[in-house]
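Please look over the sequence and the structure shown here before reading on. The briefing that follows takes up the topics one by one, with each term explained where it is needed.

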Amino acid sequence: MNLKAVRTLYLAELARTKRTMLQSIVSPVISTSLYFVVFGAAIGTRISEVAGVSYGAFIVPGLIMLMLLTQSVATASFGIFFPRFSGAIYELLSAPVSYAEIVIGYVGAAATKAVALGLIALATASLFVPLEIAHPLWMLFFLVLTAVTFSLLGFIIGIWADGFEQLQLVPLLIITPLTFLGGTFYALEMLPPFWQAVTLFNPVVYLVSGFRWSFYGIGDVSLAASLGMIGVFLVIGIGLVGWIFKSGYRLKP
Amino acid sequence: MTTAFAPSPIQAALGTPMIRIDGVSKTYRGGFQALKEVSLTINRGEIFALLGPNGAGKTTLISIICGLVNASGGTVTVDGHDNVGDYRAARELIGLVPQELTGEAFSTVWDTVRFSRGLFGKPRDDAYLERILRALTLWDKRNNRLMALSGGMKRRVLIAKALSHQPQVLFLDEPTAGVDVELRREMWQIVRDLRDEGVTIILTTHYIEEAEEMADRIGVIRRGELVLVKEKQALMRQLGRKELTLQLKAPLASVPEALAPYHLTLSEDGQALIYRYDSSAGNGEGSGIAELLGALREAGVRYSDLHTRQSSLEEIFVSLVKEP
Ligand SMILES: Nc1ncnc2c1ncn2[C@@H]1O[C@H](COP(=O)(O)OP(=O)(O)OP(=O)(O)O)[C@@H](O)[C@H]1O
Ligand SMILES: [Mg+2]
C-alpha cells in the first residue's frame, strides 16, 4: 500500500475544500436554517407530532441526510471529474498507485467533507430544536457509512460524466427526488399503503430510517434492514468502481 | 547545476536495456489502429528521439509505456518490470511530461510539485524540490497559481513535476512545442544534464533540429510503424546526401551531353550546376568529384565558385516520412 500517495491525494482533495471553506460552511448553515423556518416553524406548528416526536425534531435526521447525500455526491463527482476534464489525470494514471488507493484518497476526502458539513448542519439544527441523540455512536456510524457510500456513488458519476451538465443532472434528477421521497419530511405510515410499498424500493428510505432511529429510537424500517441496505449499496458501489478501473472505462482509451 | 536532479541511485551499467517494447499494438475503440507491432529497446542513459508526423503514434506509444493507454497487444518492461503486471515498480522509475499543458489551475507551483512527489510515494524533501525549481528558473514563481503562468512556465512546471520523484527514465512529449528559442536552448541543457546523471530520456519532437542537436539515437515512426531506428551519427552518415553546387561563369541552356553520366541538374536560371553524391562512399575517389571537375574542363564549362552541402536530418526525415 502506497500510504504516502493515499495521504497526498486525500490532503490535496481536502485542500481544495479549504480554498472554498467559507462557502462550504455557510451553505449547510443557511440551507438547514431555511428548512427549519419553512418546515419546522411554518408547517411544523400545524403538525403536532410524528411518531411521538415533535415535527421540528423529526425532520432533523432527514435534513442532515439530505445534506450528507448531496455533498458527498457533489464533492466526490467533481473531485474526479475535474482532473479528467483538465487532463491532469495523466499524473494519477501514471503514478505507482493502485485503484484502491486512488479511490480511498478521493472518496475519503469527499466523505470527510460531507461528514463535517453534516455535523455543522446538526449543530445548526440544535439551535432550532432541542435535540437528543439516543445512540450517538450509531449516529456517527450511519453518518460515516452513508457519506462513504454516496461519495463512492459520486466518484462513479464523476468518471461516467462526459460534461458538466451530466455532472449536475444525476444529483438533480436522482438524488434530490429520492431524498425528498425518502421519508425526510414525513413518516412512511403517513402515506397511502400503495405508496408505502413503492417507497420501500427507495434506498434513501433505509438510510433516513436508520439514522432517525439513532436519534429517537424509532424508524420506518427495522435497524437490520437499514444496515443491510447500506451494506448492499456499499458493495454495489465498490463493485462498480472495481469494474471501472479494471476495464479502464472512461479513464484509459 | 550538474547535481541538481540527482535521480535515485542507478545500479546497473549504462548502455544496458532500460525499456523493452515488444510487439506493442494499439487499436483504439472505433477500430483505428494507431500502432502496429512496435518493438524497440531503449538503453540506460541514452537520449532517444522519436520522430514522426502528426498522428504517427508517438504519444500513443509513450502513453502505453506510462500506463495511460491500454495496449491491444505486446508487452513493455521497464528495468525488467512488466508495466502492467508489476506496474508499481515500473512506474516508480518513470517521469512523464505530457504533450498537452495540463494541471490544477488553482494550485500553486510549489503545491503541485510537492503533490507529484507525494503521489509517487517519495518522502518529503523540500530542499530537493527547491533545487529543481531553481534549476528550471521557477523558484520565484513558486507561490503563483498555475493559471497565472505563461505557457513556457507551465511547460517547465510539468517538467518539475516529472522530476520531483527522481525518475530514472524521463519521457518528454514535445517538450519544446511553443517554447521560445532561448528557453529551448535552456531545456536542451537541462536534458543533457539529466542524461549526464544517468537518466534515460525519450523525447518526441517535430523540430528535427532538436533531435539532431540532442539525440544519441533516433527512431522514426510513421502511421503506427517504426520505420527506422538508428544511431544519429550513423543515420546522418548513411543517409546524408551531399550536394556540390557549381556557380557557372556563363549560363547554360542544357546540361552538355558529355556530362550525362554525372546526372547533373541545371538550376532554373541556368547559372548553376548541381551534383548529388553519396558521402558514405567516403574517401573522395568514390564521390566522383575529381572526375566531374575533369569532365567539366574537357567540356569547356567554366565555373566561378563551388560549394558542397550535406543534407540535414530534416531532409532525411522528410524523405523518410514522405507518403509513397
Ligand atoms: N483516444 C483516442 N481514441 C481514438 N483515436 C486516437 C486516440 N488517441 C489518439 N488517436 C489516434 O491515434 C493516432 C496517433 O495519435 P498520437 O497522439 O499517438 O499521434 P502523435 O504521433 O503523438 O501525433 P502528434 O505529433 O500530433 O502529437 C492518431 O490518428 C489519433 O487520431
Ligand atoms: Mg503526440
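A residue is called buried when its relative accessible area is under 20%, exposed when that area is over 50%, and partly exposed in between, with a 1.4 Å probe and protein chains only as cover. This is a predicted model, in which local features need pLDDT of at least 70 and side-chain atom pairs count only at pLDDT 80 or more, while totals for chains, interfaces and linings use all residues. Residues are numbered from 1 along each chain as its sequence is written, chains are lettered from A and ligands numbered from 1 in the order in which they are written, and side-chain values use heavy atoms, with hydrogens and water left out.

**Chain B as a whole**

- The secondary structure of chain B comes to 10 helices and 14 strands, where helices (H or I, at least four residues) and strands (E, at least two) are DSSP runs numbered from the N terminus.
- Of the 324 residues in chain B, 50% are buried, and the chain has an accessible surface of about 14900 Å², of which 49% belongs to carbon and sulfur atoms; such areas come from the Shrake-Rupley method with a 1.4 Å probe, and for residues only the protein chains shown count as cover.
- A contact means heavy atoms within 4.5 Å, and among contacts in chain B between residues at least 6 apart in sequence, 71% join residues at least 24 apart.

**Where the two chains meet**

- Chain A gives 28 residues to the contact and chain B gives 31 residues.
- Between them, chain A and chain B bury about 2500 Å², 56% of it on carbon and sulfur atoms; buried area here is the accessible area (1.4 Å probe) that two parts lose on being put together, summed over both.
- On the chain A side, Tyr90(A), Pro96(A) and Pro253(A) lose the most area to chain B, together 28% of what that side buries.
- Helix 3 of chain B, residues 109-119, is mostly covered, with 9 of its 11 residues buried, including Trp110(B), Phe115(B) and Arg117(B).
- The buried residues of helix 3 of chain B pack against helix 1 (3-19) and helix 4 (89-94) of chain A, together with helix 4 (126-135) and helix 5 (151-163) of chain B.

**Salt bridges**

- A salt bridge is a side-chain nitrogen of Lys or Arg within 4 Å of a carboxyl oxygen of Asp or Glu; by this rule the count comes to 14 over all chains, and 3 are found across the interface of chain A and chain B.
- Arg16(A) forms a salt bridge with Glu13(A), the closest N and O atoms being 2.6 Å apart, and both residues lie in helix 1 of chain A, 3 residues apart, about one turn of the helix.
- The side chain of Arg16(A) also meets that of Glu104(B) in a salt bridge (3.4 Å, N to O), and Glu13(A), Arg16(A) and Glu104(B) are thus linked in a network of salt bridges.
- Arg16(A) counts as buried because its relative accessibility is 15%.
- Lys161(B) and Glu91(A) meet in another salt bridge (2.9 Å, N to O), which crosses from helix 5 of chain B to helix 4 of chain A.
- Lys161(B) is buried at 6% relative accessibility, and Glu91(A) is buried at 6% relative accessibility.

**The magnesium ion**

- Thr59(B) (OG1) and Gln99(B) (OE1) are the protein donors of the magnesium ion (ligand 2), lying 1.9 to 2.1 Å from it; donors are N, O and S atoms within 2.8 Å of the metal (3.2 Å for Na, K and Ca), and water is not among the atoms, so sites may look incomplete.
- Because Thr59(B) lies in helix 1 (residues 58-66) of chain B and Gln99(B) in the loop between strand 6 (94-97) and helix 3, the pair ties together parts that are 40 residues apart in sequence.
- Thr59(B) is partly exposed, with a relative accessible area of 30%, and Gln99(B) is partly exposed as well, at 27%.

**Loop residues with positive phi**

- Most residues other than glycine have a negative phi.
- Asp79(B), in the loop between strand 4 (73-78) and strand 5 (81-82) of chain B, has a positive phi near 50°.
- His263(B) also has a positive phi near 50°, and this residue is exposed, with a relative accessible area of 66%.
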